[in-house]
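User: Could you walk me through this protein, one question at a time? I'm new to reading structures.

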Amino acid sequence: MVRYIENPPDARSLMTSARSFGNYDLAGALADLVDNSLKARAHKVEVSCLFNNGVPEVRVWDDGHGMSEAELRAAMRPASQNPLEERSPDDLGRFGWGMKSASFSQCTRLTVISTKERITSGAVWDLDTLDNWRMGILSETEVAQCRSQYINSESGTEVIWNNCDRLSENSTIREKEFNELVTHTKNRLALTFHRYLSGEVRGMKLSMSLNGQPIEAHDPFYSHHNATQVLPPEILLVGDQEVAIRPYVLPHFSKLKATDHDRLAGEEGFLKNQGFYVYRNHRLIIRGTWFRLVRFGELAQLVRISIDIPNSLDDIWKITVDKSDAQLPAVLRLRLSQIVKGLRKRSSRVNSSKGGRISSSSKISVWERYARDGEIKYHINRKHPLIAALLKPGTENNNANVRAALLAIEQGFPVESFGQDITNRPEDVHQPEAQAERFREFLEAAVPIVLSQVGGDFKLLGANLRRTEPFRSNWMPVEEYLEKKGWVDARS
Ligand SMILES: Nc1ncnc2c1ncn2[C@@H]1O[C@H](COP(=O)(O)OP(=O)(O)O)[C@@H](O)[C@H]1O
Ligand SMILES: [Mg+2]
């Protein structure tokens, strides 16, 4: 006969281990609080992260429906909801641990003050003084002291973190590191909640600020840019639940403004940001992964695919408690990898149509690309007028030396490091663009060479320059130059 005895967990040990549930950073932890605000139908969320002379304090306030004292007590309780109970479809929570584990991942003292129907209550867990499962209830005066003075609304909730000992790897954080963390956090929140911030989610338009500065939506698909290709969406079924897939091919770097480019590339660059973006109830949970369907870099950097999943599929996707990770259900693997394969072609087309300066058409470039028998080679074009001039017999140049130098340049082409750079940091690879003054100097020297090659025929000169790089892509200054020289025939 089995005998039953009480065997509850030790409060302090359990709460301390809850500090390591999930893999939260500040942004991830705050996002979990914002999820709760959204669930409470908030339209406004104000976050403040104050350095406070090395004693940082973090606050999140929302104008949602708030909690009564009884609700607040239940909310403060660890595992306040059974994960197997069905959730309403707009519920962003999971496990009933979010607020607690997110908070304790960053701090040891969690205070929550909430107003519902004009009645305000406050509760506090302090891990440093935790005595069994006894939770602190704030008196009216304590509530008044604790809550943000400026906030005055009929309902809403404020979460306050003190003793933030996990913001940095060291338990104390320096001001510079703190400020960088806050900037990073702002960017992440702008991305995580971009659909709410932009008003895409019907009836749930959210305005959010961090330290008084508005957080603007950051759409990782750049879907409003006219050069972004929005491909037809597809609905896949997992059981009877719908999963929506929407592929995008982003515009080529050259079509983006520098600020947009930097934003889209993010802190880690375009390559790291390619891949699937998984949304659960319109909230981004995973970004930039291929779920091992393809290797990073194999696909051009411009493909990003959104996947929308309902929260009823949490179990199948194995959503982690910090909502930072999930696993691709096996039933979706095949179709997704087919979609990705179809996109591979498109993305490389965007890349080569704009990125490749070198092409085989009638254009004359210094570098020529030969692709034959599966081999690709780059040659210096001996027929380019400036190169041809160097090689012209009978000039004072020593032709043998020139030939040797060209060969050395060709053979020394840094194929490997160039290849690596193009894969890892394509947006940073640029050849120097001549400045206006330098380019005019170049024209003074170069155009007469071309002119002599066409036997002094201005019409031919014009036709030739128009086909030849770098004149061709810099036609304005070339035309100005021809006009200045009075070589008007060459312009028409
Ligand atoms: N900002 C808030 N406004 C209103 N209710 C909240 C807020 N934050 C938390 N709650 C309540 O506390 C409960 C527990 O939250 P949490 O620990 O994040 O777990 P979960 O979100 O998984 O339910 C929520 O289900 C909700 O009822
Ligand atoms: Mg939650």
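User: Which strand does helix α3 run at about 20° to?
Analyst: This is a predicted model, and in it helix α3 covers residues 69-76. The helix lies across β3, β4 and β5. The strand that α3 runs at about 20° to is β4, residues 119-126.

User: Which strands are the edge strands of the open sheet with eight strands?
Analyst: The order in that sheet is β5-β4-β3-β6-β2-β1-β7-β8, and the pairing is mixed. An edge strand pairs on one side only. That gives you β5 (136-137) and β8 (213-214).

User: Which residue of β6 is the bridge partner of V112?
Analyst: Strands β3 (residues 109-116) and β6 (residues 156-162) run antiparallel, joined by seven bridges. Follow the bridge from V112 across to β6 and you land on V159.

User: Where is R118 found, and what is its phi?
Analyst: Most residues other than glycine have a negative phi. R118 is not a glycine, yet its phi is positive. You'll find R118 in the loop between β3 and β4, and its phi is about 65°.

User: How many bridges join β11 to β14?
Analyst: Strand β11 (residues 241-249) pairs with β9 (residues 229-230) in the antiparallel sense over two bridges. Five bridges join β10 (residues 234-238) to β11, also antiparallel. With β14 (residues 303-309) the strands run antiparallel too, and I245 has I307 as its bridge partner. The number of bridges between β11 and β14 is six.

User: Which residue takes a positive phi in the hairpin of β10 and β11?
Analyst: Across the pair, L237 stands opposite E242 in β11. The hairpin has two residues between the strands. The residue with a positive phi, near 60°, is G239.

User: Are α14 and α15 oblique or roughly parallel to each other?
Analyst: Two packed helices are described by the angle between their axes and the distance between the axes. For α14 (residues 436-453) and α15 the angle is about 120°, with the axes 9 Å apart. Angles under 35 degrees count as roughly parallel, so the pair doesn't fit there, and α14 and α15 are therefore oblique.

User: Which residues of α15 make the contact with α14?
Analyst: α14 passes α15 in a right-handed crossing. On the α14 side, the contact is made by V447, V450 and L451. The residues of the contact divide into six nonpolar, one polar and no charged. From α15 come F458, L461, N464 and L465.

User: How does α15 lie relative to α16: roughly parallel or roughly antiparallel?
Analyst: The axes of α15 (residues 458-467) and α16 (residues 475-485) come within 11 Å and cross at roughly 160°. Angles over 145 degrees count as roughly antiparallel, which makes α15 and α16 roughly antiparallel.

User: Which residues of α16 meet α15?
Analyst: α15 passes α16 in a right-handed crossing. From α15, the residues involved are L461, G462, L465 and R466. Their partners in α16 are W475, V478 and L482.

User: What is the omega of the cis peptide bond, and which residues does it join?
Analyst: Most peptide bonds are trans. This one is cis, and P470 lies in the loop between α15 and α16. The bond joins E469 and P470, with omega about 5°.

User: Over which residues is the pLDDT below 50?
Analyst: The protein averages a pLDDT of 85, and 89% of the residues score at least 70. The stretch below 50 has eleven contacts in the model beyond near neighbours in sequence. That stretch is residues 354-361.

Notes: Residues are numbered from 1 along each chain as its sequence is written. Chains are lettered from A and ligands numbered from 1 in the order in which they are written. This is a predicted model: local features need pLDDT of at least 70, side-chain atom pairs count only at pLDDT 80 or more; totals for chains, interfaces and linings use all residues. Side-chain values use heavy atoms; hydrogens and water are left out. Axes are lines fitted to C-alpha atoms, for helices over the stretch in contact, and angles run from 0 to 180 degrees between N-to-C directions. Helices (H or I, at least four residues) and strands (E, at least two) are DSSP runs, numbered from the N terminus. Angles under 35 degrees count as roughly parallel, over 145 as roughly antiparallel, 65 to 115 as roughly perpendicular and the rest as oblique. A crossing is left-handed if the near helix is turned anticlockwise from the far one by less than a right angle, and right-handed if clockwise. Contact means heavy atoms within 4.5 Å. pLDDT is the predictor's confidence in each residue, from 0 to 100. Two strands pair if DSSP finds at least two bridges between them. Ala, Val, Leu, Ile, Met, Phe, Trp, Tyr, Cys and Pro count as nonpolar, Asp, Glu, Lys and Arg as charged, and the others, Gly among them, as polar.
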